[in-house]
Amino acid sequence: MKKQKLILVMLFGMTLAVNAQNNSNNKSFGGIKGGYSLSSVQFDGNAETAQRHSFHVGVYGESFISNSFSVQPELLYSQQGYVITNSSGTFTQKLNYINLPLMLKAYPSRNFFLEVGPQIGLAISHREEFNSGFSLFDTNQEFEPNNFDWGVNFGAGFKTDSGISLGVRYHLGKGDIYEEGKAQNRVLQFSLGFDL
């Protein structure tokens with residue numbers, strides 16, 4: 001039930017963004033973005049795993065609803081996952097998602113923004129890598145993720161008058177990655193965006 005409510009909220013937010021674009025004289029932009037990601041997983045509310053270094057890339061649309069606020073839906077391909085290391089080796093779980101963030105952005109000054117918003121994601125592929133000697137898991141074991149993920153994003157950044165943006169964002173996953181155990185995504189993203 002929570003999943004359906006979150007999807008409805010995001011669809012409602014996107015509808016508001018489209019209506020704001022149609023009913024406002026303020027600017028609207030579309031663009032591309034991408035960058036570097038550091039992803040990990042928090043198991044059972046305990047400490048996070050080591051981070052997987054990866055990337056994200058996608059498109060966005062930003063619609064200003066006033067001079068200081070905008071709504072920005074995005075469609076992103078995001079490489080995520082985590083790393084576990086012990087004395088005998090390293091296990092890497094590679095999880096790849098199509099994510100749909102919906103960000104509310106506030107501009108306290110002309111070029112500086114703060115952002116917050118929900119995100120839903122669809123797991124599209126996964127792969128486990130064991131280096132020789134790793135003994136925490138059976139090396140033939142597969143860890144099948146849930147298809148659906150969701151969470152909340154927080155971020156900040158700078159956007160130039162020419163439409164180039166630099167941003168940092170933290171994704172706090174709230175959905176469980178696996179059926180068993182409480183494993184949730186944690187992703188730190190550094191992005192470069194270009195209005196088109």
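The legends below walk through close-up views of this predicted model.

**Figure 1. The whole chain, one helix and eight strands.**
Let us begin with the overall layout, where the secondary structure of the chain comes to one helix and eight strands. Going along the sequence, the elements follow the order α-β-β-β-β-β-β-β-β. The chain has 196 residues, and 45% of them are buried. If we take the contacts with a separation of 6 or more, 62% join residues that are 24 or more positions apart.

**Figure 2. The largest pocket, with a volume of about 370 Å³.**
This view is centred on the largest pocket, whose volume is about 370 Å³. Its lining has 16 residues, and those closest to the pocket centre are Lys 27, Phe 29, Phe 64, Arg 110 and Asp 161. What kinds of residue form the lining of the largest pocket? Three are nonpolar, eight are polar and five are charged. Keep Phe 29 and Phe 64 in mind, since both return in the figure on aromatic rings.

**Figure 3. The largest cavity, with about 160 Å³ of space.**
Here we turn from the pocket to a cavity. The structure holds one cavity of 30 Å³ or more, and about 160 Å³ of space lies in the largest cavity. It is lined by 18 residues, of which Lys 33, Gln 72, Phe 113, Ser 165 and Arg 169 are the closest to its centre. Which elements give two or more residues to this lining? They are β2 (52–64), β5 (112–130), β6 (148–159), β7 (164–173) and β8 (183–195). Strand β7 provides the largest share, with five residues. By type, the lining of the largest cavity divides into six nonpolar, six polar and six charged residues.

**Figure 4. Phe 29 and Phe 64, an edge-to-face pair.**
A search of the whole structure finds eight aromatic pairs, and this view shows one of them, Phe 29 with Phe 64. A pair of aromatic rings is described by the distance of the centres and the angle of the planes. For Phe 29 and Phe 64, the ring centres are 6.4 Å apart and the planes stand at 80°, so the pair counts as edge-to-face; the cut-off for that label is an angle over 60 degrees. The pair links distant parts of the chain, with Phe 29 in strand β1 (residues 28–43) and Phe 64 in strand β2, 35 residues apart. How do the two residues stand in terms of burial? Phe 29 is partly exposed, at 27% relative accessibility, whereas Phe 64 is buried, with a relative accessible area of 11%.

**Figure 5. A cluster of four aromatic residues, with a lysine over one ring.**
Widening the view from the previous figure, ring pairs link Phe 29, Phe 64, Tyr 107 and Phe 113 into a cluster. Lys 105 lies over the face of Phe 113, 4.0 Å from the ring centre. Phe 113 is also among the residues closest to the centre of the largest cavity.

**Figure 6. Ser 39, a buried residue in strand β1.**
Ser 39 has its place in strand β1. Is Ser 39 buried or exposed? Its relative accessibility is 0%, so Ser 39 counts as buried. Apart from neighbours within four places in sequence, Ser 39 is in contact with Ala 50, Gln 51, Arg 52, Ser 54, Gln 79, Gln 80, Gly 81, Tyr 82, Arg 186 and Val 187. You can also locate His 171, which is 132 residues from Ser 39 in sequence and 9.2 Å away in space, C-alpha to C-alpha.

**Figure 7. Trp 150 in strand β6.**
Trp 150 sits in strand β6. With 26% relative accessibility, Trp 150 counts as partly exposed. Between Trp 150 and Leu 122 there are 8.8 Å in space, C-alpha to C-alpha, and the two are 28 residues apart in sequence.

**Figure 8. Two loop serines, Ser 66 and Ser 162.**
Ser 66 belongs to the loop between β2 and β3 (69–86), while Ser 162 is found in the loop between β6 and β7. Ser 66 is partly exposed, its relative accessible area being 25%. For Ser 162 that value is 59%, so Ser 162 is exposed. Ser 66 and Tyr 107 lie 10.0 Å apart, C-alpha to C-alpha, with their positions 41 residues apart in sequence as the separation. Ser 162 and Asp 195 are 8.0 Å apart by the C-alpha atoms and 33 residues apart in sequence.

Technical notes:
Residues numbered from 1 in each chain as written. Predicted model: local features only at pLDDT ≥ 70, side-chain atom pairs only at ≥ 80, totals over all residues. Heavy atoms only, no water. 1 Å grid on protein atoms, 1.4 Å probe; cavity = no way out; pocket = protein on both sides within 12 Å on 5 of 7 lines; lining within 4 Å. Points joined across faces, edges and corners; volume = space filled by probe spheres on them. Nonpolar A, V, L, I, M, F, W, Y, C, P; charged D, E, K, R; others polar. Helix = DSSP H or I, 4+ residues; strand = E, 2+ residues; numbered from the N terminus. Phe/Tyr/Trp six-rings, centres within 6.5 Å; stacked < 30°, edge-to-face > 60°. Buried < 20%, exposed > 50% of the residue type's maximum accessible area, 1.4 Å probe, protein only. Lys NZ or Arg CZ within 6 Å of the ring centre and 35° of its normal. Contact = heavy atoms within 4.5 Å.
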